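Thanks for making the time this morning. I would like to walk through one model with you, element by element, and I suggest keeping the structure open while I talk.

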Amino acid sequence: MAENDAGAVVGAAAGNQSETVGESRDGAGVVRLTMNRPDAFNALSEAMLDALTAALARHAQDPTVRVVVIAGAGKAFCAGHDLREMRANPSHDYYRGLFERCTRMMMAIQRMPQPVIARVHGIATAAGCQLVAMCDLAVAADDARFAVSGVNLGLFCSTPGVALSRNLPRKQALEMLLTGDMIDAAQAQARGLVNRVVPAAELDAEVARLAAAILAKPAAAIAAGKGLFYRQLEMGVEAAYQLAGQTMACNMMDDAALEGVQAFLDKRPPAWCGA
């Protein structure tokens, strides 16, 4: 599979772009990162991983960015790692470095304060399915398909399994990992891998609706809530409640929360500045 050197930026007014990742941004603070190797089904080459990691790190520090959308150019969302690139470097050190590189990119999604939405069409397989699972939210076209299919090649999808097992019930996640079988968008939604499924023609509109629902809320509350959500998942129940209580107490002292509560008591819409 040859890489598409021409590339294309998909979305609103084009901003920064690299050979492998296109960027666009609208006036509301929604940034779209488009994996841009359509001839390779947006396989996660080393260059793609590095470009995504750099873009996520950059936008994480930008308070004017409120939501990030990850999409794929061409016919697919993402087919996983670049197998040609992997096969050309058959050494343990190379493979360890590659999967560490991938992990850094995946964790950058979880660690950034802004919600990240996967816009999924076509196939999302292996590390591409992992990418969907690591995004905070996901909207899929009704013809999208998902699999962690490495086992079909003799390679158990261990790193995708980390993300998958934190999204799906245990037996459903393990069935996907052990069989490598595809599931369709409706099954993905029923199992908790994606939030919403719509006809392909409505995919962008549905992503925009989901982003708009987030944009209508105060950025500070969204950032605090996302950070708390992931931290408490790894804790015992008592520790999780302690952290959640601390987070809510801090959140209540934020101007947006004070205004929101007062507006509720006054029976009026809240006057949030730059929600």
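Leaving aside residues up to four places away in sequence, Ala 28 touches Arg 66 and Leu 215, and please keep in mind throughout that this is a predicted model. Ala 28 itself is found in the loop between strand 2, residues 21-25, and strand 3, and because its relative accessibility is 43%, which falls between the 20% and 50% cut-offs, it counts as partly exposed. Ala 28 and Thr 64 are separated by 36 residues in sequence, and yet from C-alpha to C-alpha they are 8.5 Å apart in space.

From that loop we can move on to strand 3 and its partner. Strand 3 and strand 4 run parallel and are joined by 6 bridges, with Val 30 standing opposite Val 67 in strand 4. Is strand 4 enclosed or open to the outside? All of its residues, 6 of the 6, are buried, so the strand is largely enclosed by the rest of the structure. In a regular strand, side chains alternate between the two faces of the sheet. In strand 4 both of these faces are covered, with Val 67, Val 69 and Ala 71 buried on one side, and Val 68, Ile 70 and Gly 72 buried on the other.

On the way from strand 3 to helix 1 there is a loop that holds Phe 41 and also Asn 42. Phe 41 has a phi near 50°, a positive value in a residue that is not glycine, and Asn 42, likewise not a glycine, has a positive phi of about 55°. Which of the two terms, buried or partly exposed, applies to Phe 41? With a relative accessible area of 34%, Phe 41 is partly exposed, whereas Asn 42, at 0% relative accessibility, counts as buried.

Let me turn to strand 7, residues 137-141, which is mostly covered, since 4 of its 5 residues are buried. Strand 7 runs parallel to strand 5, residues 116-120, and 4 bridges join the two; Leu 137 in strand 7 is the bridge partner of Ile 117. Strand 7 also runs parallel to strand 10, residues 196-198, to which 3 bridges join it, and there Ala 141 has Val 198 of strand 10 as its bridge partner.

A further sheet is open, has 3 strands in the order 6-8-9, and shows mixed pairing. Its edge strands, each pairing on one side only, are strand 6, residues 123-125, and strand 9, residues 183-184. Strand 6 pairs with strand 8, residues 145-147, in the parallel sense over 3 bridges, and Ile 123 stands opposite Arg 145 in strand 8.

Now to the helices, beginning with helix 3, residues 92-111. At 1.5 Å a residue its 20 residues should span 28 Å, and the end C-alpha atoms are indeed 28 Å apart, so the expected and modelled spans agree. The buried residues of helix 3 are Tyr 94, Leu 98, Cys 102, Met 105, Met 106, Ala 108 and Ile 109. Seen down the helix axis, these buried residues fall within an arc of 150°, and therefore they line one face of helix 3. On the other side, His 92, Asp 93, Arg 96, Arg 104 and Arg 111 are exposed. Among the elements that cover the buried residues of helix 3 are helix 1, strand 4, helix 2, strand 5, helix 4 and helix 9.

Helix 8, residues 203-215, can be checked in a similar way: its 13 residues should span 18 Å at 1.5 Å a residue, and its end C-alpha atoms are 18 Å apart, which agrees. Its buried residues are Leu 203, Glu 206, Val 207, Leu 210, Ala 211, Ile 214 and Leu 215, and what covers them includes strand 3, strand 4, strand 5, strand 7, strand 10 and helix 9. Leu 215, you will recall, is one of the residues that Ala 28 touches.

I will finish with the largest pocket, which holds about 670 Å³ of space. Which residues lie nearest the centre of this pocket? Of the 29 residues that line it, those nearest the centre are Gln 110, Ala 133, Met 134, Asn 167 and Tyr 230. The elements giving two or more residues to this lining are helix 3, helix 4, strand 7, helix 5 and helix 9, and the largest share, 6 residues, comes from helix 9.

Terms used
Residues are numbered from 1 along each chain as its sequence is written. This is a predicted model: local features need pLDDT of at least 70, side-chain atom pairs count only at pLDDT 80 or more; totals for chains, interfaces and linings use all residues. Side-chain values use heavy atoms; hydrogens and water are left out. Buried means under 20% relative accessible area, exposed over 50%, partly exposed in between (1.4 Å probe, protein chains only). Two strands pair if DSSP finds at least two bridges between them. The expected span of a helix is 1.5 Å times one less than its number of residues. The arc is that of the directions from the helix axis to the C-beta atoms. Contact means heavy atoms within 4.5 Å. On a 1 Å grid over the protein atoms alone, a cavity is a set of points where a 1.4 Å probe fits but cannot get out, and a pocket is an open set with protein on both sides within 12 Å along at least five of seven lines; lining residues have an atom within 4 Å of a point. Grid points are joined across faces, edges and corners, and a volume is the space filled by probe spheres set on the points.
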